[in-house]
Amino acid sequence: MDKPHQIVEKQLIVAILDGTYPIDSPIPNERTLSEQLGVTRPTLREALQRLSREGWLEIRHGKPTCVRNFWKKGGLGILSTLAEHAEFLPKKFILGLLDFRETMIPTIAQNAVNNDGESILSYLKRAPDPEEDSDVFTRYDWNLQRLFGELSDNPIHNLLLNDFYGLFTLFSHHYFEIRSNRADSCLFYLMLKDTIIKNPDSVHSVVKNALEKASRNWRDMEASS
């Protein structure tokens with residue numbers, strides 16, 4: 001069960017995302033806001049401080065607290081929070097996430113294979129079948145990316161991937177509901193296994209090509225919806 005300050009945080013985030021408190025605008029003062037939300041001022045203050053640390057608000061002493069431009073000035077912690085409010089995400093946000101993934105994951109995967117290709121080969125032997133459901137593919141694909149991060153020998157990779165978890169599962173469940181997308185992923189798993197065995201230096205390009213194909217598939221899904 002959420003604590004009072006956590007409930008207030010969620011209420012304020014929704015108010016920011018739905019435009020009640022637009023970016024760069026002030027929010028009501030503590031007395032007014034605490035009365036509107038039905039909470040004590042210490043509880044409200046705790047919520048405001050936490051939202052400030054995450055990048056949603058800018059608290060200025062002697063001046064009104066304002067909504068920060070979180071799209072430009074927010075930190076990675078905002079990603080996991082946004083995953084909890086998918087209804088407010090613009091379509092271009094997921095496309096931007098996919099583009100970022102195309103840049104990040106191929107390098108992580110190449111480093112992982114360079115360090116421990118055998119562990120990745122062992123995992124690829126358990127690849128799902130196209131007839132399995134989207135939940136199976138979501139878990140398998142996410143765990144493959146996590147394995148890349150763990151074996152890349154760079155702790156920053158794991159931290160970045162952890163922040164992407166909520167958003168990844170958000171769109172991947174929908175993505176893997178389509179059988180042809182599941183089949184494309186199965187083909188990628190086979191190609192990746194073959195590349196690790198025969199030409200491990202080419203893992204970067206194989207992973208990048210697969211992610212670019214996934215992005216095209218997603219755009220086709222969006223265009224037809």
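## Helices, a cavity and a pocket in a predicted model

The buried residues of helix α1 are covered by elements that include α2 (30-37), α3 (41-54), β1 (57-58), β2 (66-67), α4 (70-73) and α5 (77-83). The structure described here is a predicted model.

The buried residues of α1 are His-5, Val-8, Glu-9, Leu-12, Ile-13, Ala-15, Ile-16 and Leu-17. In an α-helix there are 3.6 residues a turn, so residues three or four places apart point the same way. Gln-11 is also in α1, which runs over residues 4-17. With a relative accessibility of 36%, Gln-11 counts as partly exposed, because buried means under 20% and exposed means over 50%.

The length of α1 can be checked against what is expected of a helix. At 1.5 Å a residue, its 14 residues should span 20 Å, and the end C-alpha atoms are 20 Å apart, so the two values agree. After α1 comes Gly-19, which has a positive phi, near 90 degrees. Gln-11 can also be set against a residue elsewhere in the chain: its C-alpha atom is separated by 46 Å from that of Asn-114, and the two residues are 103 residues apart along the chain.

The next topic is aromatic rings. How many aromatic pairs does a search of the whole structure find? The search finds twelve. One of them joins Phe-70 and Trp-71; the pair is tilted, with 5.1 Å centre to centre and 40 degrees between the planes. Phe-70 counts as buried at 6% relative accessibility, whereas Trp-71, at 41%, counts as partly exposed. One aromatic cluster is formed by Trp-142, Tyr-165, Phe-168, Phe-171 and Trp-218.

Some of these names return in the lining of a cavity. The whole structure holds one cavity of 30 Å³ or more. The lining of the largest cavity consists of Leu-97, Phe-100, Arg-101, Met-104, Ile-105, Trp-142, Gln-145, Leu-161, Phe-164, Phe-168 and Phe-171. Two or more of the lining residues come from each of α6 (91-124), α7 and α8 (155-175).

There is also a pocket to describe. The largest pocket has a volume of about 410 Å³. It is lined by 26 residues, of which Asp-184, Phe-188, Ala-210, Leu-211 and Ala-214 are the closest to its centre. At least two lining residues are supplied by each of α6, α7, α8, α9 (179-198) and α10 (203-224).

The table sets out the cavity and the pocket side by side.

| Space | Volume | Element giving the most residues | Make-up of the lining |
|---|---|---|---|
| Largest cavity | about 90 Å³ | α6, five residues | nine nonpolar, one polar and one charged residues |
| Largest pocket | about 410 Å³ | α10, nine residues | 17 nonpolar, five polar and four charged residues |

Helix α7 appears in both linings, giving two or more residues to that of the largest cavity and at least two to that of the largest pocket. Ser-134 belongs to this helix, which covers residues 134-151. Is Ser-134 buried or exposed? Ser-134 is buried, because its relative accessible area is 13% and the cut-off for buried is under 20%. Apart from neighbours within four places in sequence, Ser-134 is in contact with His-173, Phe-176 and Glu-177.

Note on methods
Residues numbered from 1 in each chain as written. Predicted model: local features only at pLDDT ≥ 70, side-chain atom pairs only at ≥ 80, totals over all residues. Heavy atoms only, no water. Phe/Tyr/Trp six-rings, centres within 6.5 Å; stacked < 30°, edge-to-face > 60°. Buried < 20%, exposed > 50% of the residue type's maximum accessible area, 1.4 Å probe, protein only. Contact = heavy atoms within 4.5 Å. 1 Å grid on protein atoms, 1.4 Å probe; cavity = no way out; pocket = protein on both sides within 12 Å on 5 of 7 lines; lining within 4 Å. Points joined across faces, edges and corners; volume = space filled by probe spheres on them. Nonpolar A, V, L, I, M, F, W, Y, C, P; charged D, E, K, R; others polar. Expected span 1.5 Å × (residues − 1).
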